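Got the viewer open and a selection box ready? Here's a tour, one stop at a time.

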Amino acid sequence: MAGGSYLVFELEHTAEAIQEAWTKFPEELNRLGYQLDPSRPIMERYFRQMVENHLCQLCVPIL
């Protein structure tokens with residue numbers, strides 16, 4: 001896994017919410033004043049405890 005800073009978005013664990021997050025995260029980064037680090041991967045993260053609560057995370061690398 002690549003090191004560095006990531007902005008972590010907590011999402012509902014549904015196909016619709018995940019698809020929406022992938023579509024809207026660039027706008028949200030800009031709104032928050034962050035810049036995407038294109039040299040590192042964007043990751044979806046699923047922890048058992050979160051999934052059991054219908055949640056997951058989108059981890060976006062930032063500069």
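Start by selecting Asp-37: with a relative accessible area of 10%, this residue is buried, since that falls under the 20% cut-off. Bear in mind as you go that you're looking at a predicted model. Asp-37 belongs to the loop that links α1 and β2. Show what surrounds Asp-37 and, once you ignore neighbours within four places in sequence, you'll find Pro-61, Ile-62 and Leu-63 in contact with it.

**Zoom out**

Now show the whole thing as a cartoon. You should see two helices and three strands. Trace them from the N terminus and the order reads β-α-β-α-β. The radius of gyration is 12 Å, close to the 11 Å that the globule rule gives for 63 residues, so the protein is as compact as a globular protein of that length. Line the view up with the principal axes and the C-alpha trace spans about 30 × 25 × 15 Å. If you colour by accessibility, 30% of the 63 residues come out as buried. Try a contact map too: take the contacts between residues at least 6 apart in sequence, and 66% of them join residues at least 24 apart.

**Along helix α1**

Next, select residues 15-32, which make up helix α1. How far apart should the ends of its 18 residues be? At 1.5 Å a residue the expected span is 26 Å, and the end C-alpha atoms sit 25 Å apart, so the two agree. Don't expect a straight rod, though: α1 bends by about 50 degrees at Lys-24. Within four residues after that point comes a proline, Pro-26.

Which residues of α1 are buried? Pick Ala-17, Ile-18, Ala-21, Phe-25 and Leu-29. Bring up the strands as well, and you'll see these buried residues packing against β1 (6-12), β2 (43-45) and β3 (55-61). Step just past the end of the helix and stop at Gly-33, where phi is positive, about 85 degrees.

**The aromatic pair**

Stay on α1 and show the rings of Trp-22 and Phe-25. Search the whole structure and you get one aromatic pair. Here it is: the ring centres of Trp-22 and Phe-25 are 6.1 Å apart and the planes meet at 80 degrees, so the pair is edge-to-face. The two residues are three apart in helix α1, about one helical turn. An α-helix has 3.6 residues a turn, so residues three or four places apart point the same way. Buried or exposed, what does each partner's accessibility say? Phe-25 is buried, at 8% relative accessible area, whereas Trp-22 counts as partly exposed at 33%.

For another ring, go to Tyr-6. The charged end of Arg-40 sits over that ring, 4.8 Å from the ring centre.

**From Glu-20 to the β2-α2 loop**

Back on helix α1, select Glu-20. Glu-20 is partly exposed, with a relative accessible area of 43%. Use it as an anchor for a couple of distances. From Glu-20 to Tyr-46 is 26 residues in sequence and 17 Å in space, C-alpha to C-alpha. From Glu-20 to Phe-47 is 27 residues in sequence and 20 Å, again C-alpha to C-alpha.

Where does Tyr-46 sit? You'll find Tyr-46 in the loop between β2 and α2. Its relative accessibility is 38%, so Tyr-46 counts as partly exposed. Leave out residues up to four places away in sequence, and Tyr-46 touches His-13, Ile-18, Val-51 and Cys-56. Ile-18 you've met already, among the buried residues of α1. For one more distance, click from Tyr-46 to Val-8: they are 38 residues apart along the chain, with 12 Å between their C-alpha atoms.

Phe-47 is in the loop between β2 and α2 (48-52), and at 40% relative accessibility it counts as partly exposed.

**Last stop: His-54**

Carry on past α2 to His-54, in the loop between α2 and β3. What is special to check in its backbone? Phi of His-54 is near 65 degrees, a positive value in a residue other than glycine. With 58% relative accessibility, His-54 counts as exposed, whereas Asp-37, where the tour began, is buried.

How values were computed:
Residues are numbered from 1 along each chain as its sequence is written. This is a predicted model: local features need pLDDT of at least 70, side-chain atom pairs count only at pLDDT 80 or more; totals for chains, interfaces and linings use all residues. Side-chain values use heavy atoms; hydrogens and water are left out. The expected span of a helix is 1.5 Å times one less than its number of residues. The bend at a residue is the angle between axes fitted to the seven residues ending there and the seven starting there. Buried means under 20% relative accessible area, exposed over 50%, partly exposed in between (1.4 Å probe, protein chains only). Contact means heavy atoms within 4.5 Å. Rings of Phe, Tyr and Trp (its six-membered ring) pair if their centres lie within 6.5 Å; planes under 30 degrees apart count as stacked, over 60 as edge-to-face and the rest as tilted. A charge sits over a ring if NZ of Lys or CZ of Arg is within 6 Å of the ring centre and within 35 degrees of the ring normal. The radius of gyration is taken over C-alpha atoms; the globule rule is 2.2 Å times the number of residues to the power 0.38.
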